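Welcome, and thanks for taking a look at this one with me. Below are a few numbered points to read beside the model.

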Amino acid sequence: MRGRTIALDRPVIFGILNVTPDSFSDGGKFFSEVAAVARAGELLAEGADILDIGGESTRPHGAREVSAGEERRRVVPVIEAVLREHPDAIVSVDTVKSEVAAAALDAGAAIVNDVSGFRLDPGMPALCAEREAGVVLMHSRGGVADMATFAQATYGDDIAREVRGELLQRVRVAEGAGVARVRIAVDPGAGFSKRSAHTIAVLAELPALVACGYPVLVGVSRKRFIGEITGVNDPVERLYGSVGANAAALALGARLFRVHDVRATRHALDVAWAILRASQPA
């Protein structure tokens, strides 16, 4: 990404920094610039490799699209302030809008994390290609308001294959616009347009997605399926289930992890990684 490389010789953690008033588990906590910059420092100290900064919620209930101008006003000053405080930090911008992505890249972001997989803004692929940004393409269906609901959670007998096919179609769009293969990671979209059984099935088939040749990111942190499995209703209390899901994903081939609780995830994945590496033939 833009002259920098991330080595996947260990688990890579994206620390979530939502500068929104309405995200599903931490909305409003880091909405001010001061609070956001302080939280960025905490995430880095806890072991985050990348800061994923977003200004538009895609929460499961009541998500509303915000204007590009409002989203830009939320994220750009935070990116600038974070990089003044931590000039070596790698910043990812979580957005589906090319206007926001362009402003974030101008401010110093290096990665565009598009939860629509370049579906919602036709200008996004060319922008990311021109700017040589790293990109994360996530599987989802629908728009901002309903992509995290069950509105389009309708699949055939092989959901993992179906999701994989739709996601690779987005990869072809990115590459067709000039985004280099080495700049692309893919995310199967846990909880997005998927019921819990769908998400579990897709995660169980991660090796098939990994075999497609792109680094795989998973974003399972505090998700609804974890609450349904564990009986924990409050998303903030889903730490242990989130760590378990991330450890399983690591064993199945994922190498990038988008999380709220960095310290616990960093320790768990580093230990799991040491064991997994030792289990491989010399």
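1. How much space lies in the largest cavity? About 60 Å³. Please keep in mind that this is a predicted model. The count of cavities of 30 Å³ or more comes to one.

2. To find the cavity, look for its lining: Ala 160, Val 163, Arg 164, Leu 167, Pro 188, Val 202, Glu 205, Leu 206 and Leu 209. Two elements, α5 (159-176) and α7 (206-210), give two or more residues each to this lining. The largest share, four residues, comes from α5. By class, seven of the lining residues are nonpolar and two are charged, with no polar ones.

3. Staying with α5, have a look at its neighbour α6 (residues 196-204). The axes of α5 and α6 come within 8 Å and cross at roughly 75°. Angles of 65 to 115 degrees count as roughly perpendicular, and α5 and α6 are therefore roughly perpendicular to each other. On the α5 side, Ile 159, Ala 160 and Val 163 meet His 198, Ala 201 and Val 202 of α6. This contact has five nonpolar residues, one polar residue and no charged ones. Ala 160, Val 163 and Val 202 may already look familiar, as they are among the residues that line the largest cavity.

4. Next comes the sheet. Eight strands form an open sheet with parallel pairing, and their order is β6-β5-β4-β3-β2-β1-β8-β7. Why do β6 (184-187) and β7 (217-218) each have one side without a neighbour in the sheet? These strands stand at the edges and have a single partner strand each, so one side of each is left free of a sheet neighbour.

5. For a close-up of one pairing, try β3 (residues 91-94) and β4 (residues 111-114), which run parallel and are joined by three bridges. Here Asp 94 stands opposite Asn 113 of β4.

6. At the β7 end of the strand order, helix α9 (residues 239-251) lies across β7 and β8 (256-259). The helix runs at about 170° to β8.

7. Finally, a pocket to visit. The second largest pocket holds about 310 Å³ of space and is lined by 16 residues. Nearest its centre lie Met 1, Ile 6, Val 182, Arg 183 and Ile 184. The elements giving two or more residues to this lining are β5 (134-138) and β6, and β5 gives the most, with three residues. By class, the pocket lining has twelve nonpolar, two polar and two charged residues.

Notes:
Residues are numbered from 1 along each chain as its sequence is written. This is a predicted model: local features need pLDDT of at least 70, side-chain atom pairs count only at pLDDT 80 or more; totals for chains, interfaces and linings use all residues. Side-chain values use heavy atoms; hydrogens and water are left out. On a 1 Å grid over the protein atoms alone, a cavity is a set of points where a 1.4 Å probe fits but cannot get out, and a pocket is an open set with protein on both sides within 12 Å along at least five of seven lines; lining residues have an atom within 4 Å of a point. Grid points are joined across faces, edges and corners, and a volume is the space filled by probe spheres set on the points. Ala, Val, Leu, Ile, Met, Phe, Trp, Tyr, Cys and Pro count as nonpolar, Asp, Glu, Lys and Arg as charged, and the others, Gly among them, as polar. Two strands pair if DSSP finds at least two bridges between them. Contact means heavy atoms within 4.5 Å. Axes are lines fitted to C-alpha atoms, for helices over the stretch in contact, and angles run from 0 to 180 degrees between N-to-C directions. Angles under 35 degrees count as roughly parallel, over 145 as roughly antiparallel, 65 to 115 as roughly perpendicular and the rest as oblique.
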